[in-house]
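Take a look at the sequence and the structure below. We will walk through them step by step.

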Amino acid sequence: MKIGFIGLGNMGLPMARNLHDAGHEVTGFDTAQVEAPFPLAGSASAAAAGAEVVITMLPNGKILRIVAEEVIPAMPDGAVLLDCSTVDVESARAVAEDAAKAGLGALDAPVSGGIGGAQGGTLTFMVGGTEEAFARAKPLFDIMGQKAVHCGPSGNGQAAKICNNMILGATMIVTCEAFALADRLGLDRQALFDVVSTSSGASWSVNSYCPAPGIGPASPADNGYAPGFAAELMLKDLGLAMEAADSVTADTPMGRAAFELYRTFVDEEDGKGRDFSAMLPRFERRNGG
Ligand code: NAD
């Protein structure tokens, strides 16, 4: 398949490389200098010209809208615009509408799995758009990821992503609170893990990504809290969740509390450049540990 790939950063480059390695004809573009094993074009529209699928992996919705405006007129009739960035639901729906007006298919397909998942081709895609466009893109999801869930019409992939990450943000915070509380109560961390990981308090944050060093499977806590999933990215996703909640006047008190806490952690404390599970040493400090 002829593929244009726009946005070759931490996530985009390994995703594009996996498509290239699988035999697809990839042409890339990024505004920054990048080195890639496939040809690079001089502009987004040049990368999109003649492509059956154009994939975007960009920082935010504002940039996505600018890039989409440029690439949509360059894409051949019936091609699919596949955005894998995490962006606001409104931008995802606006871009899909513009693509449809131009006779193109469009999918919003944000991912879970991080840089490791992008490199290993084990991402999970949450996809919004038509059945037809989903079927066209499915072979590409199978190369870049291990699972693609069709969540409904345009925007629903982004909706699924922000709902998932709102749960993740809140559970990580309360997991960190609980470990710091256990310390103060004289409860051994390993004992807490052994109980919670097999009890009703279990979650991905406890079982698979435990924020306490040396406890549970290897996680960023065992590597000095180097990300992993950076606190800034969690803050971005929680911000998108709050924007979406406001747009439909949904009541999300735990999500809002998580957003405020990550905002403080990143903007006013030492959260920048650290994994989102570094909330545990934050609580330890606040508890006088
Ligand atoms: P990144 O900053 O490493 O990459 C973004 C790339 O887009 C950069 O190389 C940048 O130069 C390029 N870019 C910016 N403006 C451009 C333009 N106008 N035209 C072409 N290229 C342009 O970010 P990333 O970590 O690769 O994340 C990309 C997206 O994936 C984000 O939306 C992020 O929220 C999401 N995401 C990231 C992770 C993660 O762990 N890094 C996990 C899940 C989802």
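Which helices each supply at least two residues of the shell around the ligand? They are α3 (61–71), α5 (114–120) and α10 (231–247). Keep in mind that this is a predicted model.

Stay with the ligand for a moment. The shell around it holds 26 residues. The closest are Gly9, Asn10, Met11, Ser85 and Thr86. Helix α3 gives the largest share of the shell, three residues. By character, 16 residues of the shell are nonpolar, eight are polar and two are charged.

Where does the ligand lie with respect to domain 1 and domain 2? Domain 1 spans 2–152, and domain 2 spans 159–287. Both give residues to the shell, so the ligand lies between them.

Now turn to strand β7, residues 123–129. Is this strand mostly covered or mostly open? Mostly covered: six of its seven residues are buried.

Strand β7 has several pairing partners. Take strand β5 (residues 105–108), which runs antiparallel to β7 and is joined to it by two bridges. In this pairing, Leu107 of the one strand stands opposite Gly129 in β7. Strand β6 (residues 111–112) also pairs with β7 in the antiparallel sense, again over two bridges. There, Ser112 has Thr124 in β7 as its bridge partner.

Strand β8 (residues 145–152) is another partner of β7. Here the two strands run parallel, and six bridges join them. Across this pairing, Met126 faces Val149 in β8. A helix belongs to this part of the chain as well. Helix α6 covers residues 131–144. Together, β7, α6 and β8 make a right-handed β-α-β unit.

One point helps when you look at any of these strands. In a regular strand, side chains alternate between the two faces of the sheet.

Finally, go to the beginning of strand β1. This strand covers residues 2–6, and Lys2 has its place there. How many other C-beta atoms lie within 10 Å in the case of Lys2? There are 15, so Lys2 is partly exposed, since a residue counts as buried only from 20 such atoms and as exposed at 12 or fewer. Setting aside residues up to four places away in sequence, Lys2 touches Glu25, Gly50, Ala51 and Glu52. Ile63 is another matter. Lys2 and Ile63 are 61 residues apart along the chain, and their C-alpha atoms are separated by 23 Å.

Technical notes. Residues are numbered from 1 along each chain as its sequence is written. This is a predicted model: local features need pLDDT of at least 70, side-chain atom pairs count only at pLDDT 80 or more; totals for chains, interfaces and linings use all residues. A residue is near a molecule or strand if its C-beta atom, placed from the backbone, lies within 6 Å of it. Helices (H or I, at least four residues) and strands (E, at least two) are DSSP runs, numbered from the N terminus. Ala, Val, Leu, Ile, Met, Phe, Trp, Tyr, Cys and Pro count as nonpolar, Asp, Glu, Lys and Arg as charged, and the others, Gly among them, as polar. Domain bounds come from an automatic or database domain assignment. Two residues are in contact if their C-beta atoms, placed from the backbone, lie within 7 Å. Two strands pair if DSSP finds at least two bridges between them. A crossover is right-handed if, with the strands pointing away from the viewer, the path from the first strand over the helix to the second runs clockwise.
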